[in-house]
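Subject: Handover of a structure and notes on its features

Dear colleague,

Please find below the structure that I am handing over to you. My notes on it follow, and I would be grateful if you read them alongside the coordinates.

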Amino acid sequence: MIKGSAKFRRRTTDVLVYVLLAALGLLWIAPIGYLVYTAFRTTPSTGIINELFPENLKLGLGNFTRLFQDTMFSTWLRNTLLVSGASCLLTTLFILMISYAFSRLRFKMRKPLMNVLLVLGMFPGFMSMIAVYFILKAMNLTNSLLALILVYSGSAGLSYYICKGFFDTVPKAMEEAAILDGASQPIVFWRIILPLAKPIIVYTVLTSFIAPWCDFIFVNTIISDRAKYTVSLGLYKMINAERGSFNENFTVFCAGAFVVGAIIVTLFMSMQRYYVEGVTSGSVKG
């Protein structure tokens, strides 16, 4: 009787847990579903927010047509891809080289430098926004895509710790054998270590790409030319262009958000396996 009672309690607990998780899942996915649904609504602007299913509801690609024809979304998307791609390349190179140096080389101030970078990485980037803006202004780099690339890749070294943990797991015997055969340290890094570091490279590429892709604060501070907007700033300015434009452009805004989200989701899904391997392998040793 006691055994059956314990089994009943365990099943009841499992059911309650699954119900709670299902409810949380619905709460998480509901805004995404609403965004996708609104992106394909071609209903006139009246009642877009207040009425979920109006009488004259129609679904189609009209919002996407307006997005690409009536706005500069194509230009904004191209700017975002350029900034994110260049920042991702520079950031990945910086992180890999800094992480390898901290993992394999032994030099004075190594530990203090690691600790300082770790502490600085805990502070939000927007805390340096005003200082960064005045530095860029003094260098006459404001209102340029190059400034965004420098801002996003300039602090790359602060995110070294996961990549360093991965390099710590690579056997040193492989490098020692290559050095005995006459290979220099750079050759060991480029031809032996990097081919083994595919998971952590993919992880670094994804995390380096997503930050400039979604950023709004620095873009809004540095860029004022409409032709140099990224998608985050461009969509924000479009929906707040003038009084009353929010309700009128809301479905177009959702269409733009759908395009932006679909690109990054596709990228993550295609590299998910390597992303997980990079996180888990980089967290074994520090």
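Is phenylalanine 167 buried or exposed? Phenylalanine 167 is buried, its relative accessible area being 1%. Please bear in mind throughout that this is a predicted model.

Overall architecture

The secondary structure consists of 14 helices and zero strands. The protein has 286 residues, of which 35% count as buried. Among contacts with a separation of 6 or more, 73% join residues 24 or more positions apart. The exposed surface of the protein comes to about 17100 Å², and carbon and sulfur atoms supply 68% of that area.

Aromatic pairs

There are 15 aromatic pairs by the rule applied here. In one of them, phenylalanine 40 and phenylalanine 258, the ring centres are 5.5 Å apart and the planes stand at 75 degrees; because an angle over 60 counts as edge-to-face, the pair is classed as edge-to-face. Phenylalanine 40 belongs to the loop between helix H1 (2-39) and helix H2 (62-70), while phenylalanine 258 belongs to helix H13 (residues 245-270). The pair therefore ties together parts that are 218 residues apart in sequence. Both partners are partly exposed: phenylalanine 40 has a relative accessible area of 25%, and phenylalanine 258 has one of 27%.

A further edge-to-face pair is formed by tyrosine 100 and phenylalanine 167, with 5.8 Å from centre to centre and 85 degrees between the planes. This pair also links distant parts of the chain, since tyrosine 100 is in helix H3 and phenylalanine 167 is in helix H7, 67 residues apart. Tyrosine 100 has a relative accessible area of 5%; with the limit for buried residues set at under 20%, tyrosine 100 is therefore buried. Tyr100 and Phe167 are also members of a cluster linked by ring pairs, which includes Phe166, Phe189 and Trp190 as well.

Salt bridge

Side chains of opposite charge can pair when their charged atoms come close. The structure holds one salt bridge. It is formed by aspartate 168 and lysine 164, whose closest N and O atoms are 2.8 Å apart. Both residues lie in helix H7 (residues 161-169), where they are four residues apart, about one turn of the helix. Aspartate 168 and lysine 164 are both buried. Helix H7 thus contains this salt bridge and also phenylalanine 167 of the aromatic pair described above.

Methionine 97

Helix H3 (residues 73-104) contains methionine 97. The relative accessible area of methionine 97 is 38%, so this residue is partly exposed. Methionine 97 and glycine 157 are 60 residues apart in sequence, and their C-alpha atoms are 9.1 Å apart in space.

Nonpolar surface patch

Which helix gives the most to the nonpolar patch? Helix H4 (residues 110-120) does, with four residues. The patch lies on the surface and has about 970 Å² of accessible area together; its members include Val116, Leu118, Val119, Leu120, Phe123, Tyr161 and Ile217. Leucine 118 is found in helix H4 and is partly exposed, with a relative accessible area of 33%.

With kind regards

How values were computed. Residues numbered from 1 in each chain as written. Predicted model: local features only at pLDDT ≥ 70, side-chain atom pairs only at ≥ 80, totals over all residues. Heavy atoms only, no water. Helix = DSSP H or I, 4+ residues; strand = E, 2+ residues; numbered from the N terminus. Buried < 20%, exposed > 50% of the residue type's maximum accessible area, 1.4 Å probe, protein only. Contact = heavy atoms within 4.5 Å. Areas by Shrake-Rupley, 256 points an atom, 1.4 Å probe, with all protein chains shown as cover. Salt bridge = Lys/Arg side-chain N within 4 Å of Asp/Glu carboxyl O. Phe/Tyr/Trp six-rings, centres within 6.5 Å; stacked < 30°, edge-to-face > 60°. Patch = residues over 30% accessible without salt bridge, like charges linked within 9 Å, V, L, I, M, F, W, Y side chains within 5 Å.
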